[in-house]
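Please open the model in your viewer and keep the selection panel at hand. The tour below goes from stop to stop, saying what to select next and what is there.

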Amino acid sequence: MADPVADHDLQAPLLTTPLHAEHVSLGARMVPFAGYDMPVQYPTGIIAEHNHTRIAAGLFDVSHMGQAFVTAKDGRKSHDSIALALEALVPADILNLPRGRQRYSQFLNEEGGTLDDLMISRSPEEADDGSLGLVVNAACKQADFELIKSRIGDRAKLLIVQDRALLALQGPQAAAVMADHCPDAAAMPFMGSRSSTFDGIDIALSRSGYTGEDGYEISVKSSKSVQIWRTLLADDRVKPIGLGARDSLRLEAGLCLYGHELNETISPIEAGLIWSIQKRRRVEGGFPGAARLQKEIAEGVARTRVGLIPEGRSPVRDGAPLKNTDGETVGIVTSGGFGPTVGGPVAIGYVPPALSAPGTSLLVELRGKDVPIKVAAMPFAPHRFHRG
C-alpha cells in the first residue's frame, strides 16, 4: 500500500469518518490516509483480514470517498441532458447507461492523462432521471468537484453529499449476509445500482467493489451507519477489514489504484482500460484527451500495464525500476506487495508492449540489486464478481 502519510499535510487536522469510534473500539491501528484517520489493520492482522475476505465476507469503511450527484439545474427529468453534460468530462458512454446500472470511468486532462477514476450510477426509477450519482477517490475529491463545476456550466449542477457514510461488504458470502437484511440485494446484477432498505433503514446499494470478489457498497445516512456496521459485524461470517488488506486484495485482483497505475501522465489505454470506453465514445470523442486516446487505439501505446511475479519471497515496491536482461531500464513498478492468496509476492508495472507477453523475463531493482522478475497474466487471483 502507498505510504499513507506521504500526501498528507501534517499541520492539518485529520478528518474522521462516522465510523471512526467503531474502529478505535475494535483495536484498529489508525493511520493518516487522504486526510483522514483510517484503520490500516485490526488486531488479527492484514493476512488474516485478506484471507477472511476471500473465504467469507469482509466489511470496509470507505466513507472517506467522495459522494455526489450531478443533476439538472432546471429540475427537468431528462437523462440525456445530464449524461451529455457529464460526457464532456469522461470517456464512458453515459448517454446509454441503462437505468439501475453503474459504469466505471475516468476524469482526463487535455493530454489524455488520468486525473482520477470514478463510478457513475443511474437510478432504476424513471422519476430519478435528470440525476446521476458519482463516487470519486478520497485524495482527489476536492479537485474532482472543482473540475466538474468548472466544466458542466449552465447545463447541470453538482450536489456534494456531506452526511452519508459508505460501507463495502466483499467476499463470497456477502450476498448471503445481505439477503438477511436487504430483500432485493441477492437479485441485483453485477454493477447494478438501486435504492433499497437494510432492516428498514433507507440505503443506496450497488453490487460492486474493489477486491475481485462479489460484494456490495452501501451508502447510508451517517446517523444510521453505526447501526448497519454493528449489525453486519454481529454476523460470524463478517469481519472488519482495514486499508492494508484492501490494498493486497485489489493488487491480487489486478485492479488499478489512482496515484499508482493511474496518474496525470497515464492514459486509460496504456492502463488496459479500453473496455471502460464504449465504442461510440472511441469513435466520436468529445471528451478531454480524446485525440491521444484515439491515436493510441489506432497506432498502439508506448507502454502498457502488466502483471509481474518476482523471483523469491521478497516483495518489490512501487517506484522500483524494471530492466531488460541487458540491464537497460525499460519500465517501472507501480504497485507491489505480498499476495496471501497467491502465496508469494506480486506486482504491477509498465513496460513497452514488446516486453509485455506473459513469461517475459525482466530484472527489477530490489535493495540495490537486480533480481529476476517475470511478466504474468492478471488477475493473480481469479475474479469472482457476480455473473448471474
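Select strand S3 (57–61) together with strand S9 (164–170): the two run antiparallel and are joined by 4 bridges, where helices (H or I, at least four residues) and strands (E, at least two) are DSSP runs numbered from the N terminus, and two strands count as paired if DSSP finds at least two bridges between them. Within this pair, Phe60 stands opposite Ala168 in S9. This is a predicted model, in which local features need pLDDT of at least 70 and side-chain atom pairs count only at pLDDT 80 or more, while totals for chains, interfaces and linings use all residues. Residues are numbered from 1 along each chain as its sequence is written, and side-chain values use heavy atoms, with hydrogens and water left out.

Widen the selection to the whole sheet, an open one of 6 strands in the order S10-S11-S12-S9-S3-S13, with mixed pairing. S10 and S13 stand at the edges with a single partner strand each, so one side of each is left without a neighbour in the sheet. From one strand to the next the twist averages 30°, with axes taken as lines fitted to C-alpha atoms (for helices over the stretch in contact) and angles running from 0 to 180 degrees between N-to-C directions.

Next, select helix H2 (residues 46–55), in which Glu49, His50, His52, Thr53 and Arg54 are buried; buried means under 20% relative accessible area, exposed over 50%, and partly exposed in between, for a 1.4 Å probe and protein chains only. Against what do the buried residues of H2 pack? They pack against strand S2 (36–41), S3, S9, strand S13 (238–240) and helix H7 (243–252), a contact being heavy atoms within 4.5 Å.

Stay with S2, S3 and H7, the elements that give two or more residues to the lining of the largest cavity. The structure holds 1 cavity of 30 Å³ or more, and the largest cavity has a volume of about 60 Å³. To display its lining, select Met38, Pro39, Phe60, Asp61, Val62, His64, Ile241, Gly242, Leu243 and Arg246. On a 1 Å grid over the protein atoms alone, a cavity is a set of points where a 1.4 Å probe fits but cannot get out, whereas a pocket is an open set with protein on both sides within 12 Å along at least five of seven lines, and lining residues have an atom within 4 Å of a point. Grid points are joined across faces, edges and corners, and a volume is the space filled by probe spheres set on the points.

Now turn to the other sheet on this tour, in which 5 strands form an open, antiparallel arrangement in the order S5-S6-S7-S4-S8. Strand S5 (102–108) and strand S8 (156–160) stand at its edges, each with a single partner strand, so one side of each is left without a neighbour in the sheet. Neighbouring strands here are turned by 30° against each other on average, direction ignored. Helix H3 (residues 79–87) packs on this sheet, touching S4, strand S6 (114–121), strand S7 (131–136) and S8, and its direction makes about 30° with that of S7.

At one end, strand S4 (residues 66–72) pairs with S8 in the antiparallel sense over 5 bridges, and Val70 has Leu158 of S8 as its bridge partner. At the other, 7 bridges join S5 to S6, with Gln102 opposite Ser121. Are the residues of S5 buried or exposed? Gln102, Tyr104, Gln106 and Leu108 on one side, and Arg103, Ser105 and Phe107 on the other, are all buried. In the hairpin of S5 and S6, which has 5 residues between the strands, Gly112 takes a positive phi near 85°.

Two backbone details follow. Select Ala34, in the loop between strand S1 (29–33) and S2, which has a positive phi of about 50° although it is not a glycine. Then select Met378 and Pro379, which are joined by a cis peptide bond with omega about 0°.

Finally, colour by pLDDT, the predictor's confidence in each residue from 0 to 100: the chain averages 95, and 97% of the residues score at least 70. Over residues 1–8 the pLDDT is below 50, and beyond near neighbours in sequence this stretch has 13 contacts in the model.
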